[in-house]
Amino acid sequence: MKRLLLTLALGAAFFTLAAVRAAVIPPEADLIRTLRSDAPPADKAIACKFLAIKGTREAVPALAPLLADKELASWARIALEAIPDSTADAALREAAGRLQGRLLVGVINSINRRRDVQAVTVLAPKLKEADPEVVSAAAAALGNIGGAAAAKALSQALDQAPLALKTDIAEGAVVCAERLLAAGNASEAVRLYDQIRKAPVSQQRLLEATRGAILARGAGGLPLLLEQLRSPERAFFHIGLVAARELPGRKVTEAIAAELEKTPEARKPMLLLVLADRADASALPTVQKAALSGPKSVRLAAITALDRMGHLGAVPTLLDLTGEEDADLAKAARVALARIPGKEVDQQLTARLAKATGRLRLALIELAGQRQTTAALPAIMAAINDADAATRVAAIGAAGLLGSAQHAGQLVQRLGQPGAEEAEIEKALLAISARERAACLPHFMVLMQSQKPALRKIGLHTMASVGGATALAAVRTALQDADASVQDEAVRTLSTWPNSWPEDAAVAEPLLTLAREGKKTLHQVLGARGYLQYLQGDPKLTPQAKLEKLNAVYPLLNRPEERRLAMTVLGSIPSGRALEQLMELGADDALKEDACSALAGLAARKDLADAPVELRRKALQWVVDKSANEQTKRQAQKALRGL
């Protein structure tokens, strides 16, 4: 037996390949001869597998005797199940009449898979067998085959079988009833479902039969459905919820909605979700009513139901709920409104916002931002001067999300007023400038000319967000500002200037000037860092130009931190001279590892047109000799082998 299993395991791999490449499968006649020969069981098993792919009725007489072979029965059934001919059904029926035990169960399972209608007369007597496995397999097969004859056999067995076997028979009967219903024989399905419901079987079978009995009755199943929804037993209540989602009809929806008024509080949320899943607009008034009053758990479930329904009729109720004092209810309503699509929602939102006050006004402003409701901008901008601080903040945030350059100007005017929310307004201005760019410059120039240093700093940030020559000139002017803190902010702004190269490449000159002549050490450091960022980012700079500009700034780099940044720039320049400079700079022990890391990457690049192989080899060997980092060494050694 162990040899057979090993051979079959090896054969399985071959079989998988053969199934894909059908040309290697032997002719059917050869496979049949193998089955009728004295070949080892493993060879016969593989022949059965091949016959499952290309077997015809010619193979059935050779396969049928194997159904009684304990070692080969399962392999023979695999082939017989796949052969598209009635002779295979006949062979299985014949075997079912003479086999016992596990072999019989296997044959019945194959009949089940083929759904052989003619097998009903063979299977029905098996429901009286003493072997419970045979009874269970026969019941399952009869259920799957379906039809009036199978239903009659299962019905009789359900009445007459020993108690221990009734649940297995009921399982087949449930499937048979489903087949009857699918075939349009609802009355027979109802009869079988009802018989199961009255039988002493497991609760699972009772639940399945109850659901089926409801659905098979159609509109007439409503009383039975309501009986389950009122059941004190949790399992039957839940099967009622399942059936309530499946039983169609407006009357069913109305009955479930009416039941909501009578059901215990703990069950109301589940019924509300059933109404939502039915997607029937007739339930909308009931769900809206539940959302507006009552226990919080029920109200939340009702809002969730309105969310799922996504019906425009729910919008007024949800808009009201966004102003709820309870934060959870208000949030749930906002989430629901944010997901309901359509201009009608935006129109109602805009109209309501124009008249709203208090919490409702705040909530609707936030919702307008979420929904990108630009039509609400007039009401939003009016609210940036609201007496309530939270409302002002919400309006400013929404203006940032939705506003244009015109609205940026209104926010700038708000900055000049006492008690303005400077941090929130700055965020909004930066958000608008990211969309509107140069159109915002006239408004931002007002900030640059403000008498207040704090506003001039905000102006610097907005200039950086816009970018371009005009904004850059304004920031350069601020380097000479009368206020030292504004000067510092102008330096920081330049050092992190947007890298929209080459459009903003003009920032290079003031950055280099700062690195050379900055009034403070901090200015010099930031100028150098910004200049190095420019060198690395500007794609129009040739390798030679980058090297020249880097050499111009390198003497100004007094700290290891900036020199390491310079090495990073060098490591990005595809030039032999960059290799040489990295080795030179690596003589400094503080920078050696940084030089090794940059060299290992640069020397392996394929675009080093002016770097001879010997120079690359020298650089990589230098890394191998000098680096203490094993990963860097391995990278260099790999590149050396590639050379």
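Helices here are DSSP runs of H or I at least four residues long, and strands are E runs of at least two, both numbered from the N terminus. Counted that way, the chain of this predicted model has 39 helices and zero strands. With a radius of gyration of 41 Å, well over the 26 Å that the globule rule gives for 643 residues, the chain is more spread out than a compact globule. Its C-alpha trace covers about 105 × 80 × 35 Å along the principal axes.

Even so, buried residues make up 50% of the 643 in the chain. Among contacts with a separation of 6 or more, 62% come from residues 24 or more positions apart. On the outside, the chain exposes about 29,800 Å², and carbon and sulfur atoms supply 54% of that area. As for charge, there are 82 positive and 70 negative ones, and the mean positions of the two sets sit 2 Å apart.

Helix α7 makes a good place to zoom in. It runs over residues 101-114, and at 1.5 Å a residue its 14 residues should span 20 Å; the end C-alpha atoms are indeed 20 Å apart, so the two values agree. Ten of those 14 residues are buried, which means that α7 is largely enclosed by the rest of the structure. The buried set runs through Leu103, Leu104, Val105, Gly106, Val107 and Ile108, then picks up Ser110, Ile111, Asn112 and Arg114. What do they pack against? The partners are α5 (73-82), α6 (86-96), α8 (120-123) and α9 (132-145).

Right after α7 comes arginine 115, with a positive phi of about 50 degrees. Most residues other than glycine have a negative phi. Arginine 115 belongs to the loop between α7 and α8. Its relative accessibility is 35%, so it counts as partly exposed, in between the 20% and 50% cut-offs.

Alanine 279 also has a positive phi, near 55 degrees, and it too is a residue other than glycine. This alanine 279 is placed in the loop between α17 (268-278) and α18 (284-292). With a relative accessible area of 62%, over the 50% mark, alanine 279 is exposed.

Lysine 251 is part of helix α16, which covers residues 250-262. At 67% relative accessibility, lysine 251 counts as exposed. From C-alpha to C-alpha, lysine 251 and aspartate 277 are 15 Å apart in space, with their positions 26 residues apart in sequence.

Is leucine 224 buried or exposed? Its relative accessible area is 9%, under the 20% cut-off, so leucine 224 is buried. Leucine 224 is found in helix α14, residues 222-229. Setting aside neighbours within four places in sequence, leucine 224 is in contact with Arg197, Thr210, Ala213, Ile214 and Arg217. Leucine 429 is another matter: it is 205 residues from leucine 224 along the chain, and their C-alpha atoms are separated by 63 Å.

Further along, helix α32 takes in residues 508-517, and its buried residues are Ala508, Pro510, Leu511, Leu512, Leu514 and Ala515. These buried residues of α32 pack against four named helices, namely α30 (469-478), α31 (484-495), α33 (521-537) and α34 (543-553).

Key:
Residues numbered from 1 in each chain as written. Predicted model: local features only at pLDDT ≥ 70, side-chain atom pairs only at ≥ 80, totals over all residues. Heavy atoms only, no water. Expected span 1.5 Å × (residues − 1). Buried < 20%, exposed > 50% of the residue type's maximum accessible area, 1.4 Å probe, protein only. Contact = heavy atoms within 4.5 Å. Rg over C-alpha atoms; globule rule 2.2 N^0.38 Å. Areas by Shrake-Rupley, 256 points an atom, 1.4 Å probe, with all protein chains shown as cover. Lys, Arg positive; Asp, Glu negative; His and termini not counted. Charge placed at Lys NZ, Arg CZ, Asp CG, Glu CD.
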